[in-house]
Amino acid sequence: MMKKILLISTLATLANLAQAQNYNLDPSHTYPSFEADHMGLSKWSGKFTRTSGTVVLDHNAKTGALDVKIDATSVDFGNAALDQHVRSADFLNVEKFPVITYKSRAIHFAGNKPASADGDLTMMGVTKPVHLTINNFNCLIHPRLKREICGAEVVGEFQRSDFGMNFGLPTFSPTIKLSVQVEAIKAE
């Protein structure tokens with residue numbers, strides 16, 4: 001009888017491992033940051049301070065999904081005048097388009113870890129494909145929350161002109177480089 005209970009318990013554990021796991025982005029540890037050209041003289045770095053979203057990972061099937069929402073009004077360069085300008089119709093036009101989204105179409109694995117994502121970035125009412133590279137992916141049991149938490153650095157780039165942000169072109173380069181510090185907590 002004991003062997004039968006142990007076998008059922010082991011099979012139940014394996015079935016759980018085979019299922020996709022859901023995670024919620026931790027808004028206090030997830031900051032999409034970016035780098036933009038300033039007339040070829042310097043690079044300005046900014047970030048968005050309010051994000052939300054979900055991650056789904058199935059390590060056995062090597063599949064997953066990423067769904068991120070960024071509050072465009074939370075853009076922060078550490079320069080109030082520049083923040084206001086970037087929120088204006090010249091750039092993000094946050095009055096009309098207050099949310100930026102990224103939805104993956106595919107997550108690609110290298111071994112047992114996600115290594116990249118192909119998805120769609122929607123900004124200012126325009127949707128374009130953006131490839132993201134996932135670096136330093138790691139999971140552990142959070143010592144305080146007692147739940148699994150995963151983190152990574154996600155990088156990519158896009159052309160802001162593809163989304164209608166043409167202010168300052170061609171003096172300013174249209175290339176925007178992304179670097180997103182992300183942590184996600186396993187859903188209960």
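Leu140 has Ile149 in β10 as its bridge partner, and that's a handy way into this predicted model. Strands β9 and β10 run antiparallel, with eight bridges joining them. From there you can follow a run of paired strands back to β5, and then look at a disulfide.

**The β9–β10 hairpin**
- Six residues sit between the two strands of this hairpin, and Lys146 takes a positive phi near 60 degrees.
- Cys139 is in strand β9 (residues 126-141) and Cys150 is in strand β10 (residues 148-159), so the disulfide they form ties together parts that are 11 residues apart in sequence.

**The disulfide itself**
- The sulfur atoms of Cys139 and Cys150 are 2.0 Å apart, and the two residues form a disulfide.
- The cut-off for calling a pair a disulfide is within 2.5 Å, and the count by this rule comes to one.
- Which way does the bond twist? The torsion about the S-S bond of Cys139 and Cys150 is about 105 degrees, so this disulfide is right-handed.
- Are the two cysteines buried or exposed? Cys139 has 23% relative accessibility, so it counts as partly exposed.
- Cys150, on the other hand, comes in at 6% relative accessibility, so it counts as buried.
- If you're wondering where the line is drawn, buried means under 20% relative accessible area.

**Stepping back to β8**
- β8 and β9 also run antiparallel, joined by eight bridges.
- Across this pairing, Ser116 stands opposite Thr133 in β9.
- The β8–β9 hairpin has two residues between its strands, and Met124 takes a positive phi near 55 degrees there.

**On to β7 and β5**
- Strand β8 (residues 113-123) pairs with β7 in the antiparallel sense, this time over nine bridges.
- One of the matches here is Phe109, whose bridge partner in β8 is Pro114.
- β7 and β8 make a hairpin too, with two residues between them, and Gly111 in the turn has a positive phi of about 70 degrees.
- β7 (residues 99-110) pairs with strand β5 (residues 63-71) as well, again antiparallel, over five bridges.
- In that pairing, look for Val68, which stands opposite Tyr102 in β7.

**What the record says**
- An unreviewed UniProt entry carries the annotation "domain: Lipid/polyisoprenoid-binding YceI-like" for residues 22-185.
- How much of that span is strand? Residues 22-185 are 61% strand and 5% helix.
- The C-alpha atoms at the two ends of residues 22-185 lie 8 Å apart.

Conventions. Residues numbered from 1 in each chain as written. Predicted model: local features only at pLDDT ≥ 70, side-chain atom pairs only at ≥ 80, totals over all residues. Heavy atoms only, no water. Helix = DSSP H or I, 4+ residues; strand = E, 2+ residues; numbered from the N terminus. Buried < 20%, exposed > 50% of the residue type's maximum accessible area, 1.4 Å probe, protein only. UniProt positions renumbered as here; feature names shortened; annotations may be inferred. Pairing = 2+ DSSP bridges.
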